[in-house]
Amino acid sequence: MSTDYRRLTRDGLWDNNVVFSQLLALCPLLAVTASATNGLGMGLATTAVLMASGATVAVFRHFITPAVRIPVFVLIIATIVTAVDMAMNAWVHDLHKVLGLFIPLIVTNCAILGRAESFASKQALGPALYDGLMMGLGFTLALVVLGATREIIGSGTLFANASLLLGQAFSFLELRLIPDYHGFLLVTLPPGGFLALGFLLAAKRRLDARLARRAEARALAVAAAES
Amino acid sequence: MTTPLEPSYRQRAGYQAGLLGGFATMAAVLLVMSNLITREPIEARRREDLMASLVQVIPPALHDNDLLADTLTVPVDGSQRVIYRAVRDHAITALAYQVTANGYAGDIDVLMGVDPQGEILGVRVLSHAETPGLGDKIETAKGDWIRGFEKLSLDNTPDAAWAVKKDGGRFDQFSGATITPRGVVAAVHLGLEFFQANRARLLALEVPIAISTKGTTP
């Protein structure tokens, strides 16, 4: 069975993006995206869990029967998240202090169960790992874009506290875009998350529609030139 | 998953139950193992964090003892409160103890340092689950708000001022998060009242602590 890795990449990052197309994982999405840095941290942690759970499910896919698959997947995911939480607390303590609040939230991310169910349970280890990576990166992209939008409009900064997450070397990312900005509270609060997400979804639809129209026009032009 | 030719033994309830039980056992074993492996590093990190926080609420110049070793346990409202005592030249120079505030999302553990006159040396948040970006400004990493407690005492700040500005007090609330600072202010206020009520007991040095053997035994 050959796997179209290019298709997987495109699906994960854009065409079938967890947030922008599947509209999954909205709970952690809206909870953490008040800033771009939080979005990045949550996205990376989720990517790790997606890959680990996808790989585990793919390895055991021949043993798991349809009747009990959901409880088994939930067990696998919850175990991985808890183990990751403990390991990070023990060995990357500084990162855990920043992300600690969000790690348990990963369990509530239905995208992970969704990928285990719809992809990893039917695929070999390699494609399942790769799909987890691409879906995770797509989710990270959505979190960072939404976080950046809300942070810029809500507090006038971008990647504030990035050095806490990535280390001092990345402090250049921390920008204050609008000096003496008093903030726009609505955008920082959860309703602002819904609003910002709505605008981003509309923007993506519009972009997709325009791309489709352009592709159609090109196909027509080619057909006209040939006749 | 949806293989049409499912072997018949897989249809039995026993297989399903065994499968689920097997995975549950595996998960339990994995979790117990990770707990065993990570327990000590996590405990060590917790102590490092506590020490790092203690250093911030009790200036190192104030003591020559091991803060984590010289502790006193006082029963408060049915639970035990650990008091860390800074001792220099056989006199108590500062106390630190943990108080718990009611936050927006569960308890906030707050460590406060107090000098023998009841003046606050410093306040730091040890752990909390407040909303990132809103309530987490109580951390020193995210804001200077918590430093506003320094040098305050029950003597120089009237009871009515121990509240956020919205409630007529002297402390700023955060935009979008009033419950968090309100809880912290109330907890620190209670912490000072605890000190005042137990002052004599807390500052008594005759309790056998490590420092009392210094200089007396060769």
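This report walks through a predicted model of two chains, A and B, from overall layout down to a few single residues.

## Chain A

Chain A is mostly a matter of helices: 10 helices and two strands. Starting at the N terminus, the order is α-α-α-α-α-α-α-β-α-β-α-α. Laid along its principal axes, the C-alpha box comes out at roughly 60 × 55 × 35 Å.

Of the 227 residues in chain A, 40% are buried. If you take the contacts with a sequence separation of 6 or more, 76% of them link residues 24 or more positions apart.

## Chain B

Chain B has three helices and five strands, and they come in the order α-β-β-β-β-β-α-α. Its radius of gyration is 24 Å, while the globule rule gives 17 Å for 218 residues, so chain B is more spread out than a compact globule. The C-alpha trace spans about 80 × 55 × 30 Å along the principal axes.

The domain assignment splits chain B into domain 1 (8-41) and domain 2 (58-210). Their C-alpha centres sit 44 Å apart. Buried residues account for 30% of the 218 in this chain. For contacts in chain B between residues at least 6 apart in sequence, 51% join partners at least 24 apart.

## Where the chains meet

The contact between the chains draws on 32 residues from chain A and 25 residues from chain B. On the chain B side, the make-up is 14 nonpolar, eight polar and three charged residues.

## Two nonpolar cores

As a rule, nonpolar side chains in soluble globular proteins tend to be buried together. Here the largest nonpolar core holds 53 residues, and the ones with the most contacts inside it are A:Val49, A:Phe139, A:Ala142 and A:Leu143. Both chains feed into this core: the elements giving two or more residues include helix H3 (36-59), helix H7 (125-155) and helix H10 (190-226) of chain A, along with helix H1 (13-57) of chain B. Looking past its neighbours within four places in sequence, A:Ala142 touches A:Asn17, A:Val18, A:Val19 and A:Phe20.

Another core lies apart from that one; it has 38 residues, with B:Ala96, B:Val99, B:Val123 and B:Phe171 among them.

## Hairpins in chain B

Strand E1 (residues 71-76) and strand E2 (residues 79-88) of chain B run antiparallel, paired over six bridges. B:Thr73 has B:Val82 in E2(B) as its bridge partner. The two strands make a hairpin with two residues between them, and B:Asp77 in the turn has a positive phi of about 45°.

Strand E4 (residues 106-114) of chain B pairs with E5(B), again in the antiparallel sense and over six bridges. Within that pairing, B:Asp109 stands opposite B:Ser127 in E5(B). This hairpin has five residues between its strands, and B:Gly118 in the turn shows a positive phi of about 85°. How enclosed is E5(B) by the rest of the structure? Six of its eight residues are buried, so E5(B) is largely enclosed.

## A pair of positive phi values

Most residues other than glycine have a negative phi, which makes the next two worth a glance. Phi is near 50° for B:Asp89 and near 65° for B:His90. B:Asp89 lies in the loop between E2 and strand E3 (91-103) of chain B, and B:His90 is in the loop between E2 and E3 as well.

Are these two residues buried or exposed? B:Asp89 has 9 C-beta neighbours inside 10 Å, so it counts as exposed. B:His90 has 11 other C-beta atoms within 10 Å, and it is exposed too.

## B:Gly148 and its loop

B:Gly148 belongs to the loop between strand E5 (120-127) and helix H2 (179-197) of chain B. Because it has 15 C-beta neighbours inside 10 Å, B:Gly148 is classed as partly exposed. B:Phe171 is 23 residues away from B:Gly148 in sequence, yet their C-alpha atoms are 7.7 Å apart in space. B:Phe171 also turns up among the residues of the 38-residue core.

Note on methods:
Residues numbered from 1 in each chain as written. Chains lettered and ligands numbered in written order. Predicted model: local features only at pLDDT ≥ 70, side-chain atom pairs only at ≥ 80, totals over all residues. Domains from an automatic or database assignment. Contact = placed C-beta atoms within 7 Å. Nonpolar A, V, L, I, M, F, W, Y, C, P; charged D, E, K, R; others polar. Helix = DSSP H or I, 4+ residues; strand = E, 2+ residues; numbered from the N terminus. Rg over C-alpha atoms; globule rule 2.2 N^0.38 Å. Buried ≥ 20, exposed ≤ 12 C-beta atoms within 10 Å, placed from the backbone. Core = buried A, V, L, I, M, F, W, Y, C linked by C-beta atoms within 7 Å. Pairing = 2+ DSSP bridges.
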